[in-house]
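Thank you all for coming. Today I would like to walk slowly through one structure, so please have a look at the sequence and the model before I begin.

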Amino acid sequence: MTSVKAAAAAITSVTLEVPDPAAASAFYRDALGLGAQVRFRASEAPATGFRGFTLSLVVSQPSTVDMLIGGALDAGATALKPAKKGFWGYGGVVCAPDGTIWKVATSSKKDTGPATRQIDDIVLLLGAADVAASKRFYVERGLVVARSFGRKYVEFATPASHVKLALYGRRALARDAGVPPEGTGSHRIVIASDAGPFTDPDGFAWEAATPAARPIAADASLAAR
């Protein structure tokens, strides 16, 4: 494993391309309490199976995992992996009504207080056909490696108040999400960053960061960031 400390590119938001932006906005606001880090635009771009990425919400304790997953399921999400304890902590995976896969997890296995809707981090995991090649691509564009586990996993340094970015092998990422790795068509996600615009080796599109036109109401924990 390697570790580097340096200044980092900032991912200010991810835009989900969905058939109904208003419905998606209501789901993420009411079920997960997400703020301006997640945006929406209308798209009917063809996509089948696994879209090649997941988004994770990192929280402080198991009861918060259960609260957020329960709220997502009540609002129309589909369970992919029920929340349970693992070697690394506690978490589960759901598929939102728009098809985006979300993991909600904590490194803690015990509660230390009442459940809240506080989200500590949002992590975007991109499934790469060749993790080493994608790592080189991103480093050449100014991203800084924070942690790297050989050819299996790479995490980039990002400011604490923004979306975190990591690369994982596509098949391993699908297995972690509880879905088959096969999929074709659009990823239906666009990444806004001061590192963009470009398209990476796996077809993920990056745009130059711009102010939100219509951000959804932010949870207090994210609004304060």
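In which loop is arginine 188 found? Please keep in mind, as we look for it, that this is a predicted model. Arginine 188 is found in the loop between β13 and β14, the latter being residues 189-193. If you look at its backbone, you will see that phi of arginine 188 is near 60°, which is a positive value in a residue other than glycine. Is this arginine 188 buried or exposed? Its relative accessible area is 10%, and because buried means under 20%, arginine 188 counts as buried.

Let me stay with arginine 188 for a moment, since it leads us to proline 19: leaving out residues up to four places away in sequence, proline 19 touches Ser43, Glu44 and Arg188. Proline 19 itself sits in the loop between β2 and α1, where α1 covers residues 21-32, and with a relative accessibility of 44% proline 19 counts as partly exposed. For one of those partners, glutamate 44, we also have a distance between C-alpha atoms: proline 19 and glutamate 44 are 25 residues apart along the chain, and yet their C-alpha atoms are separated by 5.7 Å.

Now let me step back to the whole chain. The chain has five helices and 16 strands, and of its 225 residues, 48% count as buried. The accessible surface comes to about 10,400 Å², and 56% of that surface belongs to carbon and sulfur atoms. If we take the contacts in the chain with a separation of 6 or more, 68% of them are accounted for by residues that lie 24 or more positions apart.

Next come the salt bridges. How many salt bridges does a search of the whole structure find? The search finds six of them, and I will go through three.

One of these joins the side chains of arginine 41 and glutamate 17, with a distance of 3.8 Å from N to O. Arginine 41 lies in strand β3, residues 38-42, whereas glutamate 17 lies in strand β2, residues 11-18, so this pair ties together parts that are 24 residues apart in sequence. The two partners fall into separate classes of accessibility: arginine 41, at 31%, is partly exposed, while glutamate 17, at 14%, is buried. The story does not end with this pair, as Glu17, Arg41 and Glu207 are linked in a network of salt bridges.

Another salt bridge joins the side chains of arginine 147 and glutamate 155, at 2.8 Å from N to O. Here arginine 147 is partly exposed at 34% relative accessibility, and glutamate 155 counts as buried at 18%.

The third one I have chosen is between the side chains of arginine 29 and aspartate 30, at 3.0 Å from N to O. In this case arginine 29 is partly exposed, with a relative accessible area of 35%, and aspartate 30 is partly exposed as well, at 48%.

From these pairs of opposite charge, let us turn to charges of one sign. Which residues gather in a patch of positive charge on the surface? They are Lys81, Lys84, Arg171 and Arg175, and the elements that give two or more residues to this positive patch are β6, residues 78-86, and α4, residues 170-177. Arginine 175, which is found in helix α4, has a relative accessible area of 57% and is therefore exposed.

In the loop between α4 and β13, where β13 covers residues 183-185, we find glycine 178. Glycine 178 is partly exposed, with a relative accessible area of 40%. The C-alpha atoms of glycine 178 and glycine 92 are separated by 9.8 Å, although these two glycines are 86 residues apart along the chain.

Finally, I would like to show you one residue in a helix, namely serine 63, which is found in helix α2, residues 62-74. Serine 63 is buried, with a relative accessible area of 15%. What is serine 63 in contact with, leaving aside its neighbours within four places in sequence? Its contacts are Asp111, Gly113, Pro114 and Ala115.

That is where I will stop, and I am happy to go back to any part of the model with you.

Key:
Residues numbered from 1 in each chain as written. Predicted model: local features only at pLDDT ≥ 70, side-chain atom pairs only at ≥ 80, totals over all residues. Heavy atoms only, no water. Patch = residues over 30% accessible without salt bridge, like charges linked within 9 Å, V, L, I, M, F, W, Y side chains within 5 Å. Areas by Shrake-Rupley, 256 points an atom, 1.4 Å probe, with all protein chains shown as cover. Salt bridge = Lys/Arg side-chain N within 4 Å of Asp/Glu carboxyl O. Lys, Arg positive; Asp, Glu negative; His and termini not counted. Charge placed at Lys NZ, Arg CZ, Asp CG, Glu CD. Helix = DSSP H or I, 4+ residues; strand = E, 2+ residues; numbered from the N terminus. Buried < 20%, exposed > 50% of the residue type's maximum accessible area, 1.4 Å probe, protein only. Contact = heavy atoms within 4.5 Å.
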